[in-house]
Amino acid sequence: MAEAKRFAMVCAANMNRSMEAHKVALHAGLDVKSYGAGSRVKLPGASRDNPNVFEFGRVTYQEIYDKLMAEDPKLYTRNGLKDMLERNVAIKPAPQRWQDSEVDVDVVVCFEERVFDNVVADLKSRSGGSGEPLLVINLDVVDSHDEALVAAPHALKLCEMIDASEDWECECDEIMDKFAEEAGR
């Protein structure tokens, strides 16, 4: 049997896409973490011109939840942030930034090309490294609650295919082709 892989799910803010995929993969029994690769955690506010902005490493999901619920519970219930933050609180304490974290995974699944580029640039800038192979994959997913719900099972499927492989490094192209065919991605 193949050795279990360690996975990271990465979106811009570690709020929506990466956390939904984290939840689905965790419930399936995979060794999974999640991160954001943006500069800050940005969430919709009362208007497009006034987003809620939080610093990675300085705020927990519960603190974000408390702030938004004190500000306008009807708005944040209606736009889905209340449910999203309740899900996140149940998974881990706080949003984490990829660039500020140790790389201790085998496979990174990104959910946006810009995020993929940020992760690859960060990996290139790090000195040393473990010498272990690291696969970085991009699944382009629009940053919406509905799209995150659709994408998370696809990410899980891909991770399970990689995890089941005896020699994922050599079989990577075949796994990706099979996934693309089966998932239509």
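Begin with helices H1 and H4, whose crossing is left-handed; keep in mind throughout that the model on screen is a predicted one. Select residues 17-27 for H1 and residues 81-91 for H4, and the two helices are seen to pack at an angle of about 50 degrees, with their axes 10 Å apart. H1 and H4 are therefore oblique to each other. To display the contact itself, show the side chains of Met 19, Glu 20, His 22, Lys 23 and Leu 26 on H1, together with Arg 87, Asn 88 and Ile 91 on H4. Coloured by class, the residues of this contact between H1 and H4 separate into three nonpolar, two polar and three charged.

Keep H4 selected and add helix H2, residues 61-71, the axis of which comes within 9 Å of the H4 axis and crosses H4 at roughly 155 degrees. That angle makes H2 roughly antiparallel to H4, and the crossing of this pair is left-handed. On the H2 side, select Tyr 61, Gln 62, Ile 64, Tyr 65, Leu 68 and Met 69, which meet Leu 81, Lys 82, Leu 85, Glu 86, Asn 88 and Val 89 of H4. The contact of H2 with H4 is made up of eight nonpolar, two polar and two charged residues. Asn 88 deserves a label here, since this residue of H4 is listed in the contact with H1 and also in the contact with H2.

Turn next to the largest pocket, which holds about 500 Å³ of space. To centre the view, select Ala 13, Lys 42, Leu 43, Pro 44 and Asp 143, which are the closest to the pocket's centre among the 22 residues that line it. Strand S3 (41-43) and H4 are the elements that give two or more residues to this lining, so that H4, already on display, can serve as a guide to the pocket. Taken by class, the lining comprises nine nonpolar, seven polar and six charged residues.

Finally, move to helix H6, residues 145-164, and helix H7, residues 168-183, whose axes come within 9 Å and cross at roughly 145 degrees. Here H6 passes H7 in a right-handed crossing. Show His 154, Lys 157, Leu 158, Met 161 and Ile 162 from H6, and then Trp 168, Ile 175, Met 176, Lys 178, Phe 179, Glu 182 and Ala 183 from H7, to bring up the residues that make this contact. By class, the contact of H6 with H7 has eight nonpolar residues, one polar residue and three charged residues.

Conventions
Residues are numbered from 1 along each chain as its sequence is written. This is a predicted model: local features need pLDDT of at least 70, side-chain atom pairs count only at pLDDT 80 or more; totals for chains, interfaces and linings use all residues. Side-chain values use heavy atoms; hydrogens and water are left out. Axes are lines fitted to C-alpha atoms, for helices over the stretch in contact, and angles run from 0 to 180 degrees between N-to-C directions. Helices (H or I, at least four residues) and strands (E, at least two) are DSSP runs, numbered from the N terminus. Angles under 35 degrees count as roughly parallel, over 145 as roughly antiparallel, 65 to 115 as roughly perpendicular and the rest as oblique. A crossing is left-handed if the near helix is turned anticlockwise from the far one by less than a right angle, and right-handed if clockwise. Contact means heavy atoms within 4.5 Å. Ala, Val, Leu, Ile, Met, Phe, Trp, Tyr, Cys and Pro count as nonpolar, Asp, Glu, Lys and Arg as charged, and the others, Gly among them, as polar. On a 1 Å grid over the protein atoms alone, a cavity is a set of points where a 1.4 Å probe fits but cannot get out, and a pocket is an open set with protein on both sides within 12 Å along at least five of seven lines; lining residues have an atom within 4 Å of a point. Grid points are joined across faces, edges and corners, and a volume is the space filled by probe spheres set on the points.
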